[in-house]
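Could you walk me through this model, telling me what to select at each stop and what I will find there? I have it open in my viewer and would like a friendly guide.

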Amino acid sequence: MSLPSSIAGFSVLPISYTGTSTHYLYARSHTGSKKNASQTLPDGRTLFLVNVPPDATERELVLLFKGCGTVEKVVFDLDPQEKLVEPDDSDEEEEDEAEEAVDETEEQPRKRRKLSKTKPQPPKVVPLPSKPLRRLRATGRSAHLVFLDASSLERALAPQPKARPWPVSEEPSGVAHYAALFDSLRPPLDIVRTHADSAMELFEFELKQTKQQSKYRKGEAIVDEDGFTLVTRGGAYGQTLGGGVGVASKKFQESGETRTRNKKKEPLQKAGFYAFQKAEKQRNDLMELKKNWEADKAKVEKLKASRRFKPY
Amino acid sequence: MALNLKRKHDGDVEPRKTRKLSDDDESDAVSETENVEQDEDNEEWGGIAPTQDQTTTVTDSSGRGTKPKLPPTGEELRVINDAKDLFRSSTFKLQIDALIPNVRPKASRIAPLDRFLQALHGVLMASTPVAPQHPLDAARKLIKKGIAVPYCLPQPSEDTNWKVAFEKPSDITMVGSWPNKISVKGKDGSKFGVDLAVEMPSNLFQEKDYLNGRFFHKRAFYLATLAAAIQNSKSLNVDVTYESASNDPRLTKLVLEPRKDESPNDFTKLNARVCIIPILSATSPIPLHRLSPSHSNIRISGDSDAAPVPTPLYNSALLTALMPKTFLLSTFALKENTPSFGDALALLRVWANQRGYGEGSRMCVRGFDGLGSWWAVLLGLLVSGEESKGKGTKRKPLGKGLSSYQLFRAALDFLSRHDFEKEAAFQRTKDGHRFPSEEYQAHHEAVLVDSSSTLNVLAGVPLGSLQLLQNDARKTLEKLNTESIGSDLFADVFLKEQRDLSTRFDTVIRVDLSSAKPRFSSLHLTLDIGSPANALISSVAALLRQGLGDRTKAIAILHPSSSTRPLSQALPTNPDVIYVGLIHDPHNAFRLVDHGPAADETDPAIAESFRNFWGDKAELRRFKDGRIIESVVWDIKSADERTHVPAMIVQHVLHRHFGLEDPLAIQSWQGGFDEVVRLPEVVSRVYTGSGAVVGFKGAMQAFDGLVKELKGLNEEMPLSLASVSAISEQLRYTSVFSPVPLPKSLAPNLPQNARYLPSMEMILQFEKSAKWPDDLRAIQKIKLAFFERIASALMTAVKGLKATVVVGDGVNTVDIQDSSRLEIITADGWAFSARIWHDREATLLDRLITGKNAFPHINFPSEKKKGKEQQEAVDAKEVYVRRFIHAPRHHRAIAALNHRFVAYSPTVRLVKRWLASHWVLHGHVSEEAVEILCASIFVGDGRDLTVDPENQVDERASVPGSKERGFATVIELLKDWKWEDGLFVPLYGGEAIGNAEIPPSASSRAGVWRIKTEGDRDGRVWTLHGPDVMVAQRIRALAKATWNCLHGMEEGKLDVKSIFIHPTDDYDFVVRMDSAALPRYAQNIDSALAAGGKYANLPREDSPTVLRPGFDPARLLFDDLQRVYADTFKIFCDPFGGDRFGAVWDPTLKQPRAFRVLGGFSGAPVKKENEKEKDKGLVVLNEAGVLSEIERLGGGLVCGITVQV
């Protein structure tokens, strides 16, 4: 009876929690596919961890692998579909922020700012204040650890003779976590104000940028691949952003269907024109009647079979 | 039968029709004509009910199995159309046809009974005469044989000068329902009664025998002698017992039940019993005119000078000895004239039996015991019409050709409309009234006189029981009138047991009469009624009626029906315990003051009787309008107690008039239900001391004030506020606890774990503007700016008010979803949280979901939507639709319901409490779903919701009038509801309103309940995330257990609190939490709060008083655990201060499974059995590890985890 040291290509790293219980991390060296071999997760010094504790913070993971070497960065729950567009000039401080729940809201605009690296300089968003807080993830998720050098990776993957204790970082947990979270969600009003204002400035700025970049200019017709010109509805004063002459109806724009003018078409023939039609209709009605009756009967028979009709 | 009769008329038409068909289509018609011929053959030899069955089965077999290819024959067509026209629907007719044979005796088992009756006839006719002797001597002789003579009151004494004797019967006839073949099976497995009328020879009686119970004594002796004869006979192997209908010793009969011996006349299999009823012959010397209701036939020695008091009940008891044969004949005539009479009677009696109007071992309605004939008389009255009462309109006879269902409905209609209190009913007679009709009304409570115009069949039936009958008839008619197809109507009307006290009555009171000492007991009343126990109950009924007046629609007295007793026991045993059931009239029931006569009343007797009735409760009061009136005032301590007023009156009347002082003698369950939705004493004391405005009223005032302030800010806002709608349960009367504010000044006085301040949600909508950005993320930022503006403006405008912007919920990080809100704490300590509704969001989200942009015909290749973004949009749309579209209108509808139905909001609160205390509310069942579910029992088909409540005609009878009844009804619904079928609740009064749907891709969630309303045709808005199958089944099981617990009421051993105590044995592990760290612990169902701080006089200084509105770490932890371990275990908790979580592992995780990277659970590698074994790479759930994680996540809160095996 012994624990397997590796399982399905992952080495098993037992972690002892306070008390007697043991948690198991599964580790493997990260091998990125060739296509997106990015600098963020360099092959050879990136550790792929599975079954990270739900409340693990970056600091805790760093501490856990301190013995193996210096950890450059930690990435949680890497979405394989989404290409990581981490800024290459990422410094330590920004990384920290990326982990925090509060911060997420303003992360997006910043990314965009980075994307649109054109003059003039976009306005800066004043961030909301943040405290170091834990973020609870679903259980059994994964993380990537990037070491400074490749030798640390080997050390990390070496079989563990003994369970390592789970380190604790200074972020509050339990009740203290909830209280801190509660307070951090309620920033002072002036900061909210500057944050909102600057975010809106950025939005306006970006809107302007996209307008300038847009393929379609105001007053120019929209021509698709086949060479057809879309005739759209006009905005205020007959002008649309990147649109042509305003004629298309709103409904047409949304559904792509023209309005059906006469909905109910007159049937070509009158229903009861010939005598046989009448007779047929009558016969069908009767058949329908009988069919329903038989159906009802079958239903009641079925109920009867389940002894439903004994009142007591 | 109806069909048979009709067929004769149609007989000549049918062949013609078939012939016509065969012309069209000859090959097909052959089998058809055969079919018809077969039918006609049946007709030849048949004509009674069983044949009818056969014919239907014949046509049946031809059609079943294969699809009907032929058009129906004329015969079939007629049957089908009849079913449609004469019954509610064809299914209904078929169901009735299936029901009737089940309540009729099996024809094949009747033969032994006939043989037995012949033998019995022989024995009775051969009985030896007994010479006239003194009644007491005769009794002494019989007692030696072990047979007591059931002499009734007034008992014969030693100095009576008349004699009792026995001679063989002059005639023996079968009477009652058996010979007419209209018997209907009784409830609780009781047997078919085969009534045998044994005519006592006229020469045993004298003219004066109607006096002082002499006739009854002679009858009793006759019965006892018959009993002796039967018991002694060798040929009859039967058990002989006495039974008295309604426990009236005057109506004692002999009951013969066969012993099982497999002999030819052993009829045990028939499940019947033979009742021997001695009757008078038509030629008896007792003069009929002495038996009219106004005659006095009991003389009490000593008061000969007083005017004789009429003895109506005594007289009608005597008359019953004359009636059986007449009844038999009139019923037979009725049955012959009206083909559907038998079936209609069966339906009516099944309906009545299910509701306790008849014999049974559970609680039965008083007065209907042994009153089988009344149902036949009732139908007779409808069919043959009413005898005119001199003036006024008389009831027109109904046609004889009605179907059984129509006749049944007519009977219910009569019962629901007829006011027995004011109006007497007389069946049409051949030759006018025998006794003046006024006499009946003057001396009986309720009158329905049969066709012979002698006997009032309702003599001795309390009016309260008839009121209940009226109420039940109304309820059923309401059901039959609804068009709803969803519910199983037939089962509701005929198949479902409806005797449960808790769903039937608004207030149920259990009274133990064994120690009752009536203040006024009238000897005369006792003699008229026949026994002291019956007299006691009838005076209880009368006094309660007087005390409650118009507060109730019905006051019913219930007890188990009479049972047989051994021959050695002369008098019946009476029930000690009765149940008083009240059905409130919601308009009057909770009045606090009863007015009596004015002080200047000229007749002092009136004031005297008022004071006498109420005792020290009556006081002279001067009212604002200057009147000085005798009145009774019921003081209540809290608003909850207002609903207790009817029960308090019952209690007072029983105290005063029957000396029931013992608290155990009168038991009601309202207090227990009140307690579970009340804040603990420790907390409520702080508020009553402070004089703060609390409760729903206080919350709404605070809300209205805030709205006013917000509207006042218009100049300072870029857009003006268009509307503010509340969406919080505290603002629609449906939160479990009545809301309380938490002002800064009070907080230190409250225990640390009673300082929860719920924040009430509301929605702000600004006027439309084109300036909003056309981007979801920017909209969310703009909302922040708005909130900031409102917050600073509000804080400068209102002193003491605190407003903060909340930028998210800490869990959800999707930036296109509405997540920010404004938190406001008013100066009085009420907390609100406001969100902004911007309707453009919906369009933008839709675009993301459908992947279409503003120009659908242009392909923007760069904007190919991503799966993740689309999923986020779906989630955001779901939240948007629920929060901004459904929540406000749900709120309005529920708030309106609360004004419409008094009991609605208390019911919702109780049900929520129940679900919460069983750990499913909030985590699995949303509050709104509960509200709609509870509404379903109030709104009916929703038709009367649209009627202006001011001029409403009448409350529907099925609407509960108290929270206890509402609660029981909801429990019953949860117990029986097949959630697979869904439930439609016309919450919006049947109006079609916009149906905003949640995105369909979001509907693949776990919730299985479907609660539909007009605004939500899918029924998923409030039940999308739960309950899932497992929880739904668990709720059903819990409802069943609770229902059984409520049944304990009938044994008087219901402990209300036990319904709300949750069994935790089923959980795999239970997480215990430190109650001191829970801010809501005060709301726990059995919280044990420390009364105060260390020093009673000092405010606690144990902690800084930081107010965090809506902050409940237990709930946050619960939500986190539910989210983090969604696929690992299912977790349950009580949102109201529950100090434990219970959880069940996902059973599939306990099996080792192959390791996967995205396993979604915390696994431990499976240990190898031995070294040689190959590594299979299996992992199994790491239970201990997960438990440690829970402990770590809940640090400071969790104080232990119990693992249960």
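In which hand does H8(A) pass H5(B)? The crossing is left-handed. Keep in mind throughout that this is a predicted model.

**Stop 1: two helices from two chains**

Select residues 275–305 of chain A, which form helix H8, together with residues 74–86 of chain B, which form helix H5. Their axes come within 11 Å and cross at roughly 65 degrees. Now show the side chains: H8(A) contributes A:Leu286, A:Leu289, A:Lys290 and A:Trp293 to the contact, while H5(B) brings B:Glu76, B:Leu77 and B:Ile80. Sorted by class, the residues of this contact are five nonpolar, two charged and no polar ones.

Stay on chain A and narrow the selection to residues 276–303, which an unreviewed UniProt entry lists as a "coiled-coil region". In the model this stretch is 100% helix and 0% strand. Its end C-alpha atoms are 40 Å apart.

**Stop 2: the whole interface**

Zoom out to see both chains. Here 85 residues of chain B are in contact with 76 residues of chain A. Which helix of chain B gives the largest share of the side that touches chain A? Select residues 776–797 of chain B: this is helix H26, and it supplies nine residues. Coloured by class, the chain B side of the interface shows 41 nonpolar, 25 polar and 19 charged residues.

**Stop 3: chain B as a whole**

Hide chain A for a moment. Chain B has 1205 residues, and 48% of them count as buried. You can expect 35 helices and 31 strands as you rotate chain B. Among its contacts between residues at least 6 apart in sequence, 73% join residues at least 24 apart.

**Stop 4: an open sheet and its helices**

Next, find the five-stranded open sheet of chain B, whose order is E8-E12-E13-E11-E17 with antiparallel pairing. At its edges are strand E8 (364–365) and strand E17 (666–668), each pairing on one side only.

Select residues 552–559 and 577–584 of chain B to pick out E12 and E13, an antiparallel pair joined over six bridges. Which residue of E13(B) stands opposite B:Thr552? Click on B:His584 to find that partner.

Two helices can be added to this view. Helix H20 of chain B (residues 532–548) packs on the sheet and touches E12 and E13, with its direction at about 160 degrees to that of E12(B). Helix H16 of chain B (residues 463–481) lies across E8, E12 and E13, running at about 110 degrees to E12(B).

**Stop 5: a strand pair elsewhere in chain B**

Move to residues 238–244 of chain B, strand E5. Why is E5(B) described as largely enclosed by the rest of the structure? Five of its seven residues are buried, so the surroundings largely enclose the strand. Add residues 252–258, strand E6 of chain B, and you will see an antiparallel partner joined to E5(B) by seven bridges. One bridge to look for links B:Val240 with B:Leu256 of E6(B).

**Stop 6: a loop residue**

Finish at B:Lys1053, in the loop between helix H32 (1029–1047) and helix H33 (1056–1059) of chain B. Is B:Lys1053 buried or exposed? It counts as exposed, because it has 11 C-beta neighbours inside 10 Å. Now select B:Gln667 as well: the two residues are 386 apart along the chain, yet their C-alpha atoms are separated by 9.9 Å.

Definitions and conventions
Residues numbered from 1 in each chain as written. Chains lettered and ligands numbered in written order. Predicted model: local features only at pLDDT ≥ 70, side-chain atom pairs only at ≥ 80, totals over all residues. Contact = placed C-beta atoms within 7 Å. Helix = DSSP H or I, 4+ residues; strand = E, 2+ residues; numbered from the N terminus. Nonpolar A, V, L, I, M, F, W, Y, C, P; charged D, E, K, R; others polar. UniProt positions renumbered as here; feature names shortened; annotations may be inferred. Pairing = 2+ DSSP bridges. Axes fitted to C-alpha atoms, helices over the stretch in contact; angles between N-to-C directions. Buried ≥ 20, exposed ≤ 12 C-beta atoms within 10 Å, placed from the backbone. Left-handed = near helix turned anticlockwise from the far one by under 90°.
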